[in-house]
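Student: I should like to learn how to read a structural model feature by feature. Could we begin once the model is in view?

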Amino acid sequence: MTTPHTPRGALIAIEGLDRAGKSTQCDLLLNRLLSSGIPAKLQKFPDRTTPTGTLINTYLTSSTPLDDQSIHLLFSANRWEARDSLLSTLLSGTTILLDRYIYSGIVFSAAKPPTPIKDPKQPLSIPWCKSPDIGLPKPDIIIFLNITQEDAEKRAGFGDERYEKRELQEKVRGLFEDLRGEDSNDKDDWWVVNAGGTVEEVAEEVWKGVLEALRRVKEGNGEVGSI
Ligand code: FDM
Ligand code: MG
């Protein structure tokens, strides 16, 4: 006798610069999935509601100094503490939308300006930044909302959180580009969407990425990959 088999959910990461429209698109996408009869859940990182998230929130909203490596590891810990619940949700058949994931984790830390007592070129290298996330669930697709500097500047201005500064954002833009082209093994994982269009136009392109992720899951072996 065969046991009933629930196909696993897809793990879909939405990434992009600030003001690319990630949260708007995540909300629309969640509704579209649910109204299509696909069980789905949204998980935002950093998750500011947990104990590590509270520390991260304090860091982002204040100017209290904190060592770059320490805060980087805290962002990663914030993902690790969600791992079991991410996996059990996926295996129960629910698709998860991640509003930011390890890719934001890598580029925002690597974009930080060097401090005098550290390496003068790049304080935190991409491999160093990636290492604490090794072993976390791997997304079936990373939908990257790509916005030009010009389009970004037409949108509402930054708030006053720590990383909402033009110089850092420009560095982040370049590092996201490096990351997308970095490793040819991971190239297929990225689904780049032009985020400069209307909300509806962007949502259509995002949806195509979601269908691709669902297709990959259907054709896969049922296991969730690892970073
Ligand atoms: N951020 C986000 C990081 O620096 N590392 C991470 O691992 C993650 C997930 O936190 F500037 C940065 C990106 C952004 C800030 O994110 C807060 P939200 O999406 O604005 O809450
Ligand atoms: Mg923000």
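The dialogue below takes up the overall fold, two helices, the backbone and the ligand shell.

Student: What should I know about the origin and the numbering of this model?

Tutor: This is a predicted model, in which local features need pLDDT of at least 70, side-chain atom pairs count only at pLDDT 80 or more, and totals for chains, interfaces and linings use all residues. Residues are numbered from 1 along each chain as its sequence is written, while chains are lettered from A and ligands numbered from 1 in the order in which they are written.

Student: How many helices and strands does the protein chain have, and in what order do they run?

Tutor: Helices (H or I, at least four residues) and strands (E, at least two) are DSSP runs, numbered from the N terminus. The protein chain has nine helices and five strands. Read from the N terminus, their order is β-α-β-α-α-α-β-α-α-β-α-α-β-α. The radius of gyration of the protein chain is 18 Å, close to the 17 Å given by the globule rule for 227 residues, so the chain is as compact as a globular protein of that length. That radius is taken over C-alpha atoms, and the rule is 2.2 Å times the number of residues to the power 0.38. Along its principal axes, the C-alpha trace spans about 65 × 40 × 35 Å.

Student: What share of the residues is buried?

Tutor: A residue is buried if 20 or more other C-beta atoms lie within 10 Å of its own, exposed if 12 or fewer, and partly exposed in between, with C-beta atoms placed from the backbone. Buried residues make up 32% of the 227 residues in the protein chain. As for contacts, two residues are in contact if their C-beta atoms, placed from the backbone, lie within 7 Å. Of the contacts with a separation of 6 or more, 80% are between residues 24 or more positions apart.

Student: Which residues of α1 are buried, and where do they lie around its axis?

Tutor: An α-helix has 3.6 residues a turn, so residues three or four places apart point the same way. In α1 (residues 22-35), the buried residues are K22, Q25, C26, L29 and L33. They cover an arc of only 100° around the axis, which puts them on the same side of α1; the arc is that of the directions from the helix axis to the C-beta atoms. N31 and S35, on the other side of α1, are exposed. The buried residues of α1 pack against β1 (11-16), β2 (40-44), β3 (95-99), β4 (141-146) and α9 (199-219).

Student: How does the length of α9 compare with the expected span, and which of its residues are buried?

Tutor: The expected span of a helix is 1.5 Å times one less than its number of residues. For the 21 residues of α9 this should be 30 Å, and its end C-alpha atoms are 30 Å apart, which agrees. The buried residues of α9 are V202, V206, G209, V210, A213 and V217. Seen down the axis, they fall within an arc of 105°, so they line one face of the helix. On the other side, E200, E204, K208, L211, K218 and E219 are exposed. The cover over the buried residues of α9 includes β1, α1, β4 and β5 (190-194).

Student: Which backbone features deserve a note?

Tutor: Most residues other than glycine have a negative phi, and most peptide bonds are trans. R19, in the loop between β1 and α1, has a positive phi of about 75° although it is not a glycine. R19 counts as partly exposed because it has 19 C-beta neighbours inside 10 Å. R100, in the loop between β3 and α5, also has a positive phi of about 75°. With 21 C-beta neighbours inside 10 Å, R100 counts as buried. The peptide bond from F45 to P46 is cis, with omega near 0°, and P46 lies in the loop between β2 and α2 (51-60).

Student: Which residues surround ligand 1?

Tutor: The shell consists of F45, P46, L60, F75, R100, S104, G105, F108 and Y163. Its largest share, three residues, comes from helix α5 (residues 102-110). By class, the shell has six nonpolar, two polar and one charged residues. Here Ala, Val, Leu, Ile, Met, Phe, Trp, Tyr, Cys and Pro count as nonpolar, Asp, Glu, Lys and Arg as charged, and the others, Gly among them, as polar. A residue belongs to the shell if its C-beta atom, placed from the backbone, lies within 6 Å of the ligand.
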